[in-house]
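Q: Could you take me on a close look at the place where the two chains meet, and in particular at one pair of helices there? I am new to this, so please go step by step.

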Amino acid sequence: MADKRKSDAGRSAQVPEPSDDELVTLARSGNEGAFSKLYDRHCKFVARLGYRFFMRREQVEEIIQESFIKAYFALGDYQGGNERSFVAWLGRISLHTCYDELRRQQRRSERSLGELTEDEAAYLHLQLRDSSTNGNIEGTAISRDLAHKLLSRLKPEDRLILTLLKLEDLSIAEIAGLTGWTEAKIKMRSHRAQHGLRKILKKFL
Amino acid sequence: MWRIRQNRCEVDQQKLDRLGEKLLEALEVNDNDIKTAATSPFLYRRIRVRIESEERRITEDFGQWVALLNQARHAVPLMVMIAAIASGLVWYTPKPINPSSTQNSGIGVLNGELTGLSSEDIMASLIGWDERKEQQ
C-alpha cells in the first residue's frame, strides 16, 4: 500500500507543470482552473509591482484585482511565444493599471500632499547629511511613508518612469516597449522627473 | 568665485540625486508584505465574481442589441409600407387649383393668402359684397 502511494507520488512529481502558454490556451477555452493557476503563479509579481506605486494593502489588492480582470478579458489578444512572454504581457497590463490609478488619484487629488512631519524632515536631513549610510533607509516604515509622500508629488508619468528606470533597472527601450511611449518621450520625461524630484527634495530640506 | 559656486551646486545636486535614489529604494517591500497582499483571503473569489458579473453584463448588452435588431427587422417592412402609402397619397392628391383661374369668382377672394390679402381685407370685401347684393 505504502509502495503504491510512493509510486503515485513519484508519478505525479514526474508530470511536468503546464507552461503559461498552455494555461492561457486552456483558460481561453473556459477552463476556470487554468486561470486560477495563472493567478497563483503570478499574483506575487503583480503585488510587487503594485507596492512600487501604492502604499496601502487595499490599494495593492485593487491593482491585483483590476490587472487580472483586464488580463482575463484580454486573453484572446495574448500571442505567447517565448518563455517570459506571459509575465511581460501581464506586467504591461499591471503597469497600465497602476498608471491609470495614479492618474485617477491625481484627478481626485487624493494624494497625501500634507506637509512633512518633524520626524520625517529630520530623517530626510540626516539622510542628506550622512550620504554614506547605505541600506538603513530600506524597510523602515518612516522611509516608505516619506518616499510615498514625496513621490506622490511627481506627475504619474514621471513617477512611473523613475520607478522603472531606477528600481526595476529597465532600459529606455524596455520602458518604451512596456508603456508604448516613444524613446524620446521617455528620455525627456526621465530628465524632467529627475529635475522634479530634486526640486521636491530641495523644498523640504 | 563663480566656479566654486558652480561646484558646490553640482555637489548639492549629486547629494539630492543620491537621496532621491534612496527614497526610491525605500519603496522596495519585503516578501512578507507581498505575500500578505497576494494571499489575501477571497481576493481570487472577488476577481471571479467581478469577471462573472462583467460577462453577464456583456451578454445582456449583446442581448439588448439583438432585441433591438429584431425589432428593427419587424419595423422595416412596416416603415416601407407607410412610406409607400404616403408617397402614393402625395402622388394621387389633386393638385391645388391655380388662383389665376378663379380670380373672378368668390373663391378667389378666399385665397387671400395667395394674393397677399390679409384676413381683415377678406372680411371687409365679403361684407361689402353682401351690402352690394342687398342694395341690388
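A: Let's begin with a term we will need: an angle between two helix axes counts as roughly parallel under 35 degrees, roughly antiparallel over 145, roughly perpendicular from 65 to 115, and oblique for the rest. Please keep in mind that this is a predicted model.

Now find helix α4 of chain A, residues 57–73, and helix α3 of chain B. Their axes come within 10 Å and cross at roughly 45°. α4(A) and α3(B) are therefore oblique to each other. The crossing of α4(A) with α3(B) is right-handed.

Which residues meet there? On α4(A) you can pick out Glu61(A), Ile64(A), Gln65(A), Phe68(A), Ile69(A) and Tyr72(A), and facing them on α3(B) are Leu43(B), Arg46(B), Ile47(B), Arg50(B), Ile51(B) and Glu54(B). Sorted by class, the residues of this contact are seven nonpolar, one polar and four charged.

Let's step back to the whole meeting of the chains. Here 31 residues of chain B are in contact with 37 residues of chain A. On chain B, the helices α1 (2–25), α2 (31–38) and α3 (43–92) each supply at least two residues of the side that touches chain A. The largest share of that side, 12 residues, is from α1(B). In terms of class, the side of chain B that touches chain A holds 14 nonpolar, five polar and 12 charged residues.

α4(A) also leads us to a nonpolar core. Ile64(A), which we met in the helix pair, is among the residues with the most contacts inside the largest nonpolar core, along with Val46(A), Ala47(A) and Val60(A). This core has 31 residues. Two or more of its residues come from each of α2 (20–28), α3 (32–53), α4 and α5 (85–108) of chain A, and also from α2 of chain B. α3(A) gives the largest share, 10 residues.

Take Val60(A) as a guide: leaving aside residues up to four places away in sequence, Val60(A) touches Ala47(A), Gly50(A), Tyr51(A), Phe54(A) and, from the other chain, Ala37(B). There is also a second, separate core of 19 residues, and Leu146(A), Leu162(A), Leu197(A) and Leu24(B) are among its members.

Finally, here is the setting on chain A: 10 helices and zero strands. Of its 205 residues, 30% count as buried.

How values were computed: Residues are numbered from 1 along each chain as its sequence is written. Chains are lettered from A and ligands numbered from 1 in the order in which they are written. This is a predicted model: local features need pLDDT of at least 70, side-chain atom pairs count only at pLDDT 80 or more; totals for chains, interfaces and linings use all residues. Two residues are in contact if their C-beta atoms, placed from the backbone, lie within 7 Å. Helices (H or I, at least four residues) and strands (E, at least two) are DSSP runs, numbered from the N terminus. Ala, Val, Leu, Ile, Met, Phe, Trp, Tyr, Cys and Pro count as nonpolar, Asp, Glu, Lys and Arg as charged, and the others, Gly among them, as polar. Axes are lines fitted to C-alpha atoms, for helices over the stretch in contact, and angles run from 0 to 180 degrees between N-to-C directions. A crossing is left-handed if the near helix is turned anticlockwise from the far one by less than a right angle, and right-handed if clockwise. A nonpolar core is a set of buried Ala, Val, Leu, Ile, Met, Phe, Trp, Tyr and Cys residues joined through C-beta atoms within 7 Å. A residue is buried if 20 or more other C-beta atoms lie within 10 Å of its own, exposed if 12 or fewer, and partly exposed in between; C-beta atoms are placed from the backbone.
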